[in-house]
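Hi everyone, thanks for making time for this. I'd like to walk you through one structure, so let me put it on the screen.

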Amino acid sequence: MAAEQTEREDKYDVSLDFVVPALGDLVPDQGREDIDTIRLDSVYFDTADRDLLRHHLTLRRRSGDDDLGWQLKVPAGDARTEVRLPPTSDESVPDELANAVSGVALGKPLLRVASLSTVRRRHRVVDSDGNSLAELADDSVRATATAHNGGAIASQWREVEVEIGDHGQERLLRDIGGRLVRSGAHTSSYASKLARALALEPHRADDDSENPARRALTDYLGTQIDEIVAGDVWLRRGLDPIHATRVAIRRFRSTLRVFKDLVDPDARSRIEDELVWYAGLLGEVRDRQVQRHRLGELVAGLPAELVMGPVAARIEQDLLGEQQRCLTVVMSALDDARYRNLLVTLAQWRTAPPLTIERGAGPKVIAKAVKRAGRKARKRLTAAVADSDATELHRARKAAKRARYAAELATPLLGGKAEKKVSEFKHVQKVLGEHQDSVLAADNLRALGARAGVTEGENGFTFGLLYALELENARQARADAAHLMK
């Protein structure tokens, strides 16, 4: 069984004669800086079309002095999760890892694409108890890779990686990074050693001072794509990324909606249709998960004398059965052509996002869209609290989510103003979410009670009681929503 660990590291390009700055003053009292040199040999695997690399996944078999075995690195936000398996006697990719990346690989075979030999001089900062706070890896790399035309590419370079230790903090990572930059290092232009070995064009984002609005959009959308792709890997490994994947899809779609004037309309329409389809499949699973937890807690909170019959068992049995059936549908969809085409489209949005934003567009174009989304959310909320239709509150909730996600995207550009909006609309979303959950719970309880009422050994009393409680919860949530307008 594979082991997993989360990595948070920054990568820097340096010259061959770069001098690593002293780190001694960053070592805590009674701590120390351990320095050693090791050799690492890595063989990388991907499809002939580099589908894993296109989605920022790396799969390798490592030998040498340390860090041995198979490693699959999966990005998620600012960090990466590394899936590890013990060394094997040959270069056949273990089934567990091959299955995990089969979606991203689009069903294509995995091939050896590069071999890297690295001499690493490690600087490890540890505390007084020997706990790792940070590690600086000064790497001298020699690589041989296979080009698309079948030829060989040989290269060598030097780079520095800084990684937070198990007991480290972001501040130390920033301090070391700042010191490296002042000594002549530059944030790496390559996403990985493999990308550099394959002589791919370095990722050179448009200068932020010239295209800050475009950068904000591409960064935010890229983060959501990372989450969606990671969700594919985790689903195939039997884990549960349903909620995180749905949120990423929701953020992606919200960005398309709020910033629609900055996106090609045909491309936006095509990908939104596919995201709606996939999110719908995941939503069927997630709804059952939420309701199982919610209704289970409701039953547990009742006095024992009011729980008549196997109420908790009925809720768990029925909803879990539905959840598993819905998950089966999701797993089947992961291997069909429609889903694979979605992954291909997401990869295209990474490398060439169909944005129509003009060169030189600054924060104002983002701020304008954020302001418009906020006005729409408040307008929807005002109309919803004056209406008795529950669907209007649900529409207001979705508008609040869009306003929140737009402000999230804008935070790097707008700072505190955007952060305040994130907080505001997150609160609105929470209040309206409670109303929606109560409405769904009431519907479920009515159906569960109807089945229990005609089943020997059960009755519908407790379900009716819970139904009434959820109606009251919905009424209170509506009242809370009205207070948001004051």
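Let's begin with strands β1 and β6, where β6 covers residues 79-85: the two pair in the antiparallel sense, over 5 bridges. If you want a spot to click on, take T6, whose bridge partner in β6 is T81. Do keep in mind that this is a predicted model.

Now zoom out to the whole sheet. It is an open sheet of 10 strands with antiparallel pairing, and the order is β1-β6-β5-β4-β3-β7-β8-β9-β2-β10. Which strands stand at the edges? They are β1 (3-7) and β10 (186-187); each has a single partner strand, so one side of each is left without a neighbour in the sheet.

Two helices lie across parts of this sheet. Helix α5, residues 212-236, lies across β1, β5 and β6, and runs at about 140° to β5. Helix α3, residues 170-182, lies across β2, β8 and β9, running at about 130° to β9.

Next, please turn to helix α8, residues 311-333. How far apart should its ends be? With 23 residues at 1.5 Å a residue, α8 should span 33 Å, and its end C-alpha atoms are indeed 33 Å apart, so the two values agree. Several residues of α8 are buried, among them I315, L319, E322, C326 and V330. As a reminder, an α-helix has 3.6 residues a turn, so residues three or four places apart point the same way. And what do the buried residues of α8 pack against? The partners are α5, α7, α9, α12 and α13.

A couple of backbone details for those who like them. H56 is not a glycine, yet it has a positive phi of about 70°. You'll find H56 in the loop between α1 (51-54) and β4 (58-64). L106 is another residue other than glycine with a positive phi, near 60°, and its place is the loop between α2 (95-100) and β7 (111-126). Buried or exposed, then, for L106? L106 has 18% relative accessibility, under the 20% cut-off, so L106 counts as buried. H56, at 38%, counts as partly exposed.

Last, a word on confidence. The chain has a mean pLDDT of 93, and 97% of its residues reach 70 or more. The stretch to watch is residues 205-209, where pLDDT stays under 50. For that stretch the model has 6 contacts beyond four places in sequence. Where pLDDT is low, the predicted coordinates should not be read in detail.

Thanks, and I'm happy to take questions!

Notes: Residues numbered from 1 in each chain as written. Predicted model: local features only at pLDDT ≥ 70, side-chain atom pairs only at ≥ 80, totals over all residues. Heavy atoms only, no water. Pairing = 2+ DSSP bridges. Helix = DSSP H or I, 4+ residues; strand = E, 2+ residues; numbered from the N terminus. Contact = heavy atoms within 4.5 Å. Axes fitted to C-alpha atoms, helices over the stretch in contact; angles between N-to-C directions. Expected span 1.5 Å × (residues − 1). Buried < 20%, exposed > 50% of the residue type's maximum accessible area, 1.4 Å probe, protein only. pLDDT = per-residue confidence, 0-100.
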